[in-house]
Amino acid sequence: MNFLRLFLRGIALLPSLIQGIESVYGAKTGDQKKSAALEIVSAAVKMADAVANKTIVNADGFSSGLGLVIDGVVACLNASVWAK
């Protein structure tokens, strides 16, 4: 349950993370920016795993799902006033 709370807190930080990546990697492609976001979030999740003494059973499935979440956050940001 602690892992779920930590994960949901991490999701809440995605808009800020994505905006930061956009400002740093602005000239890169969308795929490159998504890869950077996945690397940062994956590192944070691995650290949280170590602290919580939990493991992700299906790393590929987790990364795939996380990629979908990132795509969704980007779509929301692009469609909102935050993109302006």
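**Notebook: salt bridges and core of a three-helix chain**

**Entry 1: Glu 22 and its partner**

I started at Glu 22, which comes out as partly exposed at 40% relative accessibility. Note to self: this is a predicted model, so I am reading a prediction throughout.

What does the side chain of Glu 22 meet in a salt bridge? I found Lys 33 there, at 2.8 Å from N to O. The two partners sit in separate helices, Glu 22 in H1 and Lys 33 in H2, with their positions 11 residues apart in the sequence. The pair also turns up as a polar contact between the two side chains, again at 2.8 Å.

**Entry 2: Lys 33, buried or exposed?**

I looked up the lysine next. Lys 33 has a relative accessible area of 16%, and it counts as buried because that value is under the 20% cut-off. Its salt-bridge partner Glu 22, at 40%, counts as partly exposed. So this bridge pairs a buried lysine with a partly exposed glutamate.

Lys 33 belongs to helix H2, which covers residues 30-52. I then listed what Lys 33 touches once neighbours within four places in sequence are set aside: Ile 21, Glu 22, Tyr 25, Gly 26 and Lys 28. Ile 21 from that list shows up again in the core below.

**Entry 3: the other bridge**

How many salt bridges does the structure hold? I get two. The other one joins the side chains of Lys 34 and Asp 71, 2.9 Å from N to O. Here Lys 34 is in helix H2 and Asp 71 in helix H3, 37 residues apart, so the pair links distant parts of the chain.

I checked how open this pair is. Lys 34 is partly exposed, with a relative accessible area of 24%. Asp 71 is partly exposed too, at 36%. Lys 34 misses the buried class because 24% is not under 20%.

Putting the bridges side by side, I have H1 linked to H2 by Glu 22 and Lys 33, and H2 linked to H3 by Lys 34 and Asp 71.

**Entry 4: layout of the chain**

I stepped back for the overall picture. The protein chain has three helices and zero strands, so from the N terminus the order reads α-α-α. Of its 84 residues, 19% count as buried. The accessible surface is about 6000 Å², with 62% of that belonging to carbon and sulfur atoms.

I also looked at contact range. Taking contacts with a separation of 6 or more, 64% are between residues 24 or more positions apart.

**Entry 5: the nonpolar core**

Which residues make up the largest nonpolar core? I count off 11 from the list: Leu 14, Ile 18, Ile 21, Ala 36, Ala 37, Val 41, Val 45, Leu 66, Ile 70, Val 73 and Leu 77. Each of H1 (2-24), H2 and H3 (59-78) supplies at least two of them.

I picked three core members to follow up. Leu 14, in helix H1, is buried at 2% relative accessibility. Not counting residues up to four places away, Leu 14 touches Val 41, Val 69, Ile 70 and Val 73. One of these is Ile 70: it is 56 residues from Leu 14 in sequence, yet the C-alpha atoms are 7.3 Å apart in space.

Val 73 lies in helix H3 and is buried as well, at 14%. With the same sequence neighbours left out, I see Val 73 touching Leu 14, Pro 15 and Ile 18. From Val 73 to Pro 15 I read 6.4 Å, C-alpha to C-alpha, across 58 residues of chain.

Val 45 sits in helix H2. At 10% relative accessibility it counts as buried. Its C-alpha atom is separated by 7.7 Å from that of Phe 7, 38 residues away along the chain.

**Entry 6: confidence**

Last check, the predictor's own scores. The mean pLDDT of the chain is 80, and 82% of residues reach 70 or more. Which element has the lowest mean pLDDT, and which the highest? H1 is at the low end with 80, and H3 is at the high end with 85.

Conventions:
Residues numbered from 1 in each chain as written. Heavy atoms only, no water. Helix = DSSP H or I, 4+ residues; strand = E, 2+ residues; numbered from the N terminus. Buried < 20%, exposed > 50% of the residue type's maximum accessible area, 1.4 Å probe, protein only. Polar contact = N/O pair within 3.5 Å; in protein donor to acceptor, adjacent residues only side chain to side chain. Contact = heavy atoms within 4.5 Å. Areas by Shrake-Rupley, 256 points an atom, 1.4 Å probe, with all protein chains shown as cover. Core = buried A, V, L, I, M, F, W, Y, C linked by side-chain atoms within 4.5 Å. pLDDT = per-residue confidence, 0-100. Salt bridge = Lys/Arg side-chain N within 4 Å of Asp/Glu carboxyl O.
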